[in-house]
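I sat down to see how the helices and strands of this chain fit together. Here are my notes, in the order I looked things up.

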Amino acid sequence: MLDFDTIGKNAQSSKSILSCSSVTQRNEALREIADSLEKFKRAIIEQNKIDVKNGEASGMKSSLVDRLYLNEKRIESIAEGVRKIISLPDPIGIIESGEIRPNGLRITKLRVPMGVIGIIYEARPNVTADAAALCIKSGNTVILRGGKEAIYSNTVLCNIMRDALVKVGLPADCIQLVTDTTRESSVRMMKANEYIDVLIPRGGAGLINSVVQNASVPVIQTGVGNCHVYVDSAANLQMALDIIDNAKTSRPGVCNAAETLLVHKDVADDFLPMLKRRLDKSHVELRGCELTRMILGDSVVPATEEDYATEFLDYILAVKVVDNIFDAIDHITKYSTGHSECIVTESISAAEEFQRRIDAAAVYVNASTRFTDGFEFGLGAEIGISTQKLHARGPMGLKELTTYKYLINGNGQIR
């Protein structure tokens with residue numbers, strides 16, 4: 001039986017200690033976490049092997065198994081990510097603004113932690129460490145609820161991090177893992193207004209939509225990435241080829257991978273055969289419109305309306321030939337999830353038109369959508385990529401995990 005009340009109360013009692021801790025102590029905690037992750041990487045790998053074996057046995061897609069898998073290099077990368085957060089400026093205590101009112105009141109706007117952050121996510125154990133580290137640095141306690149696919153990995157990671165906190169004098173319960181992976185636990189978190197200040201879902205469309213539709217706790221919507229690359233008539237075709245190959249095949253199971261390619265009709269005859277030869281090397285399945293199939297043949301699967309609306313997270317790419325940039329923009333506007341969109345073009349006017357009209361968190365000109373990432377944006381790490389407009393948008397780093405309060409000092413004023 002899930003005892004979430006105990007978890008919630010532990011988070012609440014720990015947040016007052018963490019929020020008042022010094023940045024020096026929080027950085028010491030992160031340093032201890034990073035060192036401990038590397039010290040116990042063999043134990044982490046052994047537990048991760050159980051998750052990977054179970055995932056493969058259950059028929060999990062290879063791209064999702066890749067997101068689940070940990071080895072020494074990936075653990076070292078996670079630890080290095082934690083260390084990078086240490087070097088980032090402390091967001092807590094920053095004075096955003098201040099003024100003295102005509103009546104003498106001194107009003108100061110001060111940046112403070114949110115409090116208790118809940119995170120519901122799927123088969124990505126790296127999220128366990130990244131999220132915990134960002135929350136600790138920003139003065140927030142965190143309740144983590146990962147998927148059953150990564151339960152062994154998440155458990156060992158959390159135990160290591162909790163021990164590290166104790167070593168520097170912070171409560172272990174600043175980081176807690178919900179080990180109950182049934183639907184009951186996620187539903188309980190969605191309704192835990194008395195304990196959780198904000199809930200962040202990370203995962204596929206099904207998970208995110210479920211949280212958004214059912215939570216009474218405030219939610220920051222993240223992650224679903226039906227991302228597009230549009231190859232304009234003025235594109236450098238070799239550049240376009242490299243960008244779409246990287247955006248689709250470097251890590252197809254992540255939210256910033258490209259899912260649909262749009263190609264201007266003037267370059268389709270030249271570009272699409274080049275594209276197919278390149279993507280055949282990675283065994284990418286193409287699902288194309290009628291014109292795409294006329295150019296490439298019956299090896300291309302006929303694309304459906306559903307294909308253009310799908311985040312495949314796999315070696316599948318939907319393709320459509322468009323008449324002009326405005327048709328491309330209309331298509332993206334219809335199907336985009338507001339994550340990351342790209343135009344490849346040598347035309348300054350086309351680039352400006354695309355960036356002005358496309359409503360997404362990240363809009364690229366001549367660069368892969370795979371750069372939508374906290375590390376790449378200089379944030380050190382990310383808690384997720386917000387596809388909404390309140391309270392944050394795009395990769396969410398330390399500042400996005402804080403809020404503010406007003407401090408008002410007077411000398412007897414009354415209204």
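**Starting from one bridge**

I began with Val142, whose bridge partner in strand 5 is Ile175. Just to remind myself: I'm looking at a predicted model.

Next I checked what that bridge belongs to. Strand 4, residues 141–145, pairs with strand 5 in the parallel sense, and I found three bridges between them.

Then I zoomed out to the whole sheet. It's an open sheet of four strands in the order 5-4-3-6, and the pairing is parallel. Which strands stand at the edges? I noted strand 5 (175–177) and strand 6 (198–202); each has a single partner strand, so one side of each has no neighbour in the sheet. I also looked up the twist: on average, neighbouring strands here are turned by 20° against each other, direction ignored.

**What sits on the sheet**

Helix 7 packs on the sheet, and I saw that it touches strand 3 (116–121), strand 4 and strand 5. The direction of helix 7 makes about 155° with that of strand 5.

Helix 7 has a helix partner too. I looked at helix 3 (residues 41–57) against helix 7 (residues 151–167): their axes come within 7 Å and cross at roughly 160°. Angles over 145 degrees count as roughly antiparallel, so that's what I wrote down for helix 3 and helix 7.

Who makes the contact? On the helix 3 side I listed Ala43, Ile44, Gln47, Asn48, Ile50, Asp51 and Asn54. From helix 7 come Ile151, Tyr152, Ser153, Val156, Leu157 and Ile160. Sorted by class, the residues of this contact are eight nonpolar, four polar and one charged.

**A second helix pair**

I moved on to helix 2 (residues 23–39) and helix 6 (residues 125–137). Their axes come within 9 Å and cross at roughly 160°. These two are therefore roughly antiparallel to each other as well. I made a note of the handedness: helix 2 passes helix 6 in a right-handed crossing.

For the contact, helix 2 gives Val23, Arg26, Asn27, Ala29, Leu30 and Leu37, while helix 6 gives Ala129, Ala133, Ile136 and Lys137. How many of these are nonpolar, polar and charged? I got seven nonpolar, one polar and two charged residues.

**Checking the record**

Last stop was UniProt. An unreviewed entry there places the feature "domain: Aldehyde dehydrogenase" at residues 4–284. I looked at that span in the model: the end C-alpha atoms lie 44 Å apart, and the span is 53% helix and 16% strand.

Technical notes. Residues are numbered from 1 along each chain as its sequence is written. This is a predicted model: local features need pLDDT of at least 70, side-chain atom pairs count only at pLDDT 80 or more; totals for chains, interfaces and linings use all residues. Side-chain values use heavy atoms; hydrogens and water are left out. Axes are lines fitted to C-alpha atoms, for helices over the stretch in contact, and angles run from 0 to 180 degrees between N-to-C directions. Angles under 35 degrees count as roughly parallel, over 145 as roughly antiparallel, 65 to 115 as roughly perpendicular and the rest as oblique. Contact means heavy atoms within 4.5 Å. Ala, Val, Leu, Ile, Met, Phe, Trp, Tyr, Cys and Pro count as nonpolar, Asp, Glu, Lys and Arg as charged, and the others, Gly among them, as polar. UniProt positions are given in the numbering used here, feature names are shortened, and annotations may be inferred rather than shown by experiment. Two strands pair if DSSP finds at least two bridges between them. A crossing is left-handed if the near helix is turned anticlockwise from the far one by less than a right angle, and right-handed if clockwise.
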